[in-house]
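Got the viewer open? Let's walk through the model one selection at a time.

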Amino acid sequence: MDKIPILRLGNFLLVTIQVDLYDRLALNLEADLVQMVNKTNAKGVLIDISAVTIVDSFMGRIIGNIASMSKILDAETVVVGMQPAVAITLIELGLPLKGVHTALDMERGMSLLKSMIDIDEEDIDQESTDDDIITQ
C-alpha cells in the first residue's frame, strides 16, 4: 500500500505530496496525519502541494478535513505551493477550505506557522497573568 511520508520538524509536521492522490491514498493521508498530530502533539501541519496539478472536490474536501481535525487537536494547517490552476479550480468548485491557511512556498509557510504558535503562546501567558490578578 502506498503511503505519503509525514516528517516531524520540531513542533510541526511536514507533508510533501509528490504524486497525484487517488481516493484511497488521500483517505490514508488524512488518517495518518491526524494520528501523527495526536501522537506527536504537533502544533502545526505544513502541506506542500507544489507538485499537484489537479485537485477535485474530493481532494479539496480532504485538505479541509485535515485542517478541521488538526485544529480540534490544537494544530494549525498551512498549505503551500498551490498552483494558480489549482486555486482557480478550488474556487470554481466552491471549496473555500475554511481553517486552511496558505502561503506561496515552504519558507513562508513555516514563518506563518511559527507566528501563529507565538501568538497562541502570548495569549496563554496573558491568560495566566489575568488569572493571577483575579485570584490575588
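## The whole chain

Before selecting anything, take in the contact pattern: of the contacts in the protein chain between residues at least 6 apart in sequence, 73% link residues at least 24 apart. Keep in mind that you're looking at a predicted model.

Now switch on a cartoon view. The protein chain has 4 helices and 5 strands, and reading along the sequence gives you β-β-α-β-α-β-α-β-α. Colour by accessibility next: 39% of the 136 residues count as buried. If you draw the accessible surface of the protein chain, the area is about 8200 Å², with 55% of that belonging to carbon and sulfur atoms.

## Stop 1: the sheet

Select the strands. The 5 of them make an open sheet, ordered β1-β2-β3-β4-β5, with mixed pairing. Which strands stand at the edges? They are β1 (6-9) and β5 (100-103); each has a single partner strand, so one side of each has no neighbour in the sheet. Ignoring direction, neighbouring strands here are turned by 25° against each other on average.

Zoom in on strand β4, residues 76-80, which runs parallel to β5 and is joined to it by 4 bridges.

Two helices pack on this sheet, so to speak of them in turn:

- Helix α1 touches β1, β2 (12-16) and β3 (44-48), and its direction makes about 160° with that of β2.
- Helix α2, residues 57-72, touches β3, β4 and β5, and its direction makes about 150° with that of β4.

## Stop 2: T77

Stay with strand β4 and pick T77, which is found there. Buried or exposed, what is T77? Buried: its relative accessible area is 0%, and the cut-off for buried is under 20%. Opposite T77 stands V100 in β5.

Now show what surrounds T77. Not counting residues up to four places away in sequence, T77 touches V45, I47, I66, A67, S70, G99, V100 and H101. Of the strands you've already seen, β3 covers residues 44-48 and β5 covers 100-103, while helix α2 spans residues 57-72, so you can place several of those neighbours by colouring these elements.

## Stop 3: where the helices meet

Select α1 and α2 together. Two packed helices are described by the angle between their axes and the distance between the axes. Here the axes of α1 and α2 come within 10 Å and cross at roughly 10°. With angles under 35 degrees counting as roughly parallel, that makes α1 roughly parallel to α2.

Turn on side chains for the contact. From α1, pick D23, A26, L27, E30, L33, V34 and V37; from α2, pick F58, M59, I62, N65, I66, M69 and S70. Colour them by type and the residues of this contact divide into 10 nonpolar, 2 polar and 2 charged.

Now isolate I62, which lies in helix α2. I62 counts as buried because its relative accessibility is 3%, against a cut-off of under 20%. Which residues does I62 touch, leaving out those up to four places away in sequence? A26, L27 and E30. Try a distance label between the C-alpha atoms of I62 and E30: the two residues are 32 apart along the chain, and the label should give 6.7 Å.

## Stop 4: D32 on helix α1

Go back to helix α1, residues 23-40, and select D32. D32 has a relative accessibility of 17%, so D32 counts as buried. Show its contacts, skipping neighbours within four places in sequence, and you'll find K3 and I6.

## Stop 5: two loop residues with positive phi

Most residues other than glycine have a negative phi. For two that go the other way, open your Ramachandran plot.

First up is N41, in the loop between α1 and β3. Phi of N41 is near 60°, positive in a residue other than glycine. N41 is exposed, with a relative accessible area of 56%.

Then jump to D74, in the loop between α2 and β4. Phi of D74 is near 70°, again a positive value in a non-glycine residue. How much relative accessible area does D74 have? The value is 44%, so D74 is partly exposed.

Terms used:
Residues numbered from 1 in each chain as written. Predicted model: local features only at pLDDT ≥ 70, side-chain atom pairs only at ≥ 80, totals over all residues. Heavy atoms only, no water. Buried < 20%, exposed > 50% of the residue type's maximum accessible area, 1.4 Å probe, protein only. Contact = heavy atoms within 4.5 Å. Areas by Shrake-Rupley, 256 points an atom, 1.4 Å probe, with all protein chains shown as cover. Pairing = 2+ DSSP bridges. Axes fitted to C-alpha atoms, helices over the stretch in contact; angles between N-to-C directions. Parallel < 35°, antiparallel > 145°, perpendicular 65-115°, else oblique. Nonpolar A, V, L, I, M, F, W, Y, C, P; charged D, E, K, R; others polar.
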